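Notebook open, structure loaded. I want to go through the fold, the charged pairs, the nonpolar surface and one serine, in that order.

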Amino acid sequence: DESTIATYNTSNRFPIGQNKWVLNNPDICAKSGGGGLELMLSYCGKEQFSCSDGNCIGIEKKCDFVMDCSDGSDESNCSILKLEKIGKRYSPGIPNILVNSNNKIVASDVKISMEIREFTSIKEMDHTFSVKFRMVAEWFDPRLTWSDLSHDENLNILTE
């Protein structure tokens, strides 16, 4: 039948989940590589994640370091920082530099915070003291794309 684009005939089960489909015309999709294509059919809702086996879990369970899907698909492809648009030139220690139409650098808003960790010495007579402190610089970088972030900030761990 020419109106059929692809078929799934690996088993008798309903084709929910991620399955290999055979394209009747391999030229219909460049990503097919000349025949088959992995497709996901899901009945999951907007606030759910579709496991590769077709089951649904709450979206907050995706990339939470616990395998909730029987096939572990909720813990695959869990890179929370996407650098495709930036490439290898990205340096997390340098804020995004914007240049306006006059070729002048536009200042970035950088939030500086400081936390005193320890008073190492106090000299009352000299009116001086020494401290160990932690200084943090934060800024928004529009070059970054974030995904699969958890409501629990402690689970949003960047890995190499």
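**Overall fold**

I counted zero helices and 11 strands in the chain. This is a predicted model, and I read everything below with that in mind. Going from the N terminus, I wrote the order down as β-β-β-β-β-β-β-β-β-β-β.

Next I looked up burial for the whole chain: buried residues make up 21% of its 160 residues. The chain exposes about 12,800 Å², and carbon and sulfur atoms supply 53% of that area. I also checked how far the contacts reach along the sequence. Taking contacts with a separation of 6 or more, I got 30% from residues 24 or more positions apart.

**Charged pairs**

How many salt bridges does the count come to? I got three. A reminder to myself on the background: side chains of opposite charge can pair when their charged atoms come close.

I started with K111 and E138, whose side chains meet in a salt bridge at 3.6 Å, N to O. K111 sits in strand β9 and E138 in strand β10, so this pair ties together parts that are 27 residues apart in sequence. I then looked up how open each partner is. K111 is exposed, because its relative accessible area is 53% and the cut-off for exposed is over 50%. E138 comes out at 39% and counts as partly exposed.

Then I moved to E115, which turned up in two of my look-ups. Its side chain meets that of R117 in a salt bridge of 2.9 Å, N to O. R117 is exposed at 52% relative accessible area, whereas E115 is partly exposed at 38%.

The other partner of E115 is R134, with a salt bridge of 4.0 Å, N to O. E115 belongs to strand β9 and R134 to strand β10, so the pair links parts 19 residues apart in sequence. I noted R134 as partly exposed, with a relative accessible area of 43%. Shared partners join E115, R117 and R134 into one salt-bridge network.

**Nonpolar surface**

Which residues make the nonpolar surface patch? I listed V110, I112, M114, I116, F119, I122, F129, F133 and M135. The patch covers about 980 Å².

I wanted to know where these residues come from. Strands β9 (111–123) and β10 (128–138) each supply at least two of them. The largest share is from β9, with five residues. So I found β9 and β10 here again, after K111–E138 and E115–R134.

I picked I122 for a closer look. I122 is found in strand β9. Is it buried or exposed? I122 has 60% relative accessibility, so it counts as exposed.

**A serine on the inside**

Last stop was S50, in strand β4, which spans residues 48–50. Is S50 buried or exposed? Its relative accessible area is 17%, and because buried means under 20%, I put S50 down as buried.

What does S50 touch, apart from its neighbours within four places in sequence? I found M40, S42, C44 and N55. With S42 there is also a polar contact: the side chains of S50 and S42 are joined at 2.4 Å.

**Where I left it**

My page now has S50 buried in β4 and I122 exposed in β9. The network of E115, R117 and R134 is also written down, and so is the K111–E138 bridge.

Technical notes
Residues numbered from 1 in each chain as written. Predicted model: local features only at pLDDT ≥ 70, side-chain atom pairs only at ≥ 80, totals over all residues. Heavy atoms only, no water. Helix = DSSP H or I, 4+ residues; strand = E, 2+ residues; numbered from the N terminus. Buried < 20%, exposed > 50% of the residue type's maximum accessible area, 1.4 Å probe, protein only. Polar contact = N/O pair within 3.5 Å; in protein donor to acceptor, adjacent residues only side chain to side chain. Contact = heavy atoms within 4.5 Å. Patch = residues over 30% accessible without salt bridge, like charges linked within 9 Å, V, L, I, M, F, W, Y side chains within 5 Å. Areas by Shrake-Rupley, 256 points an atom, 1.4 Å probe, with all protein chains shown as cover.
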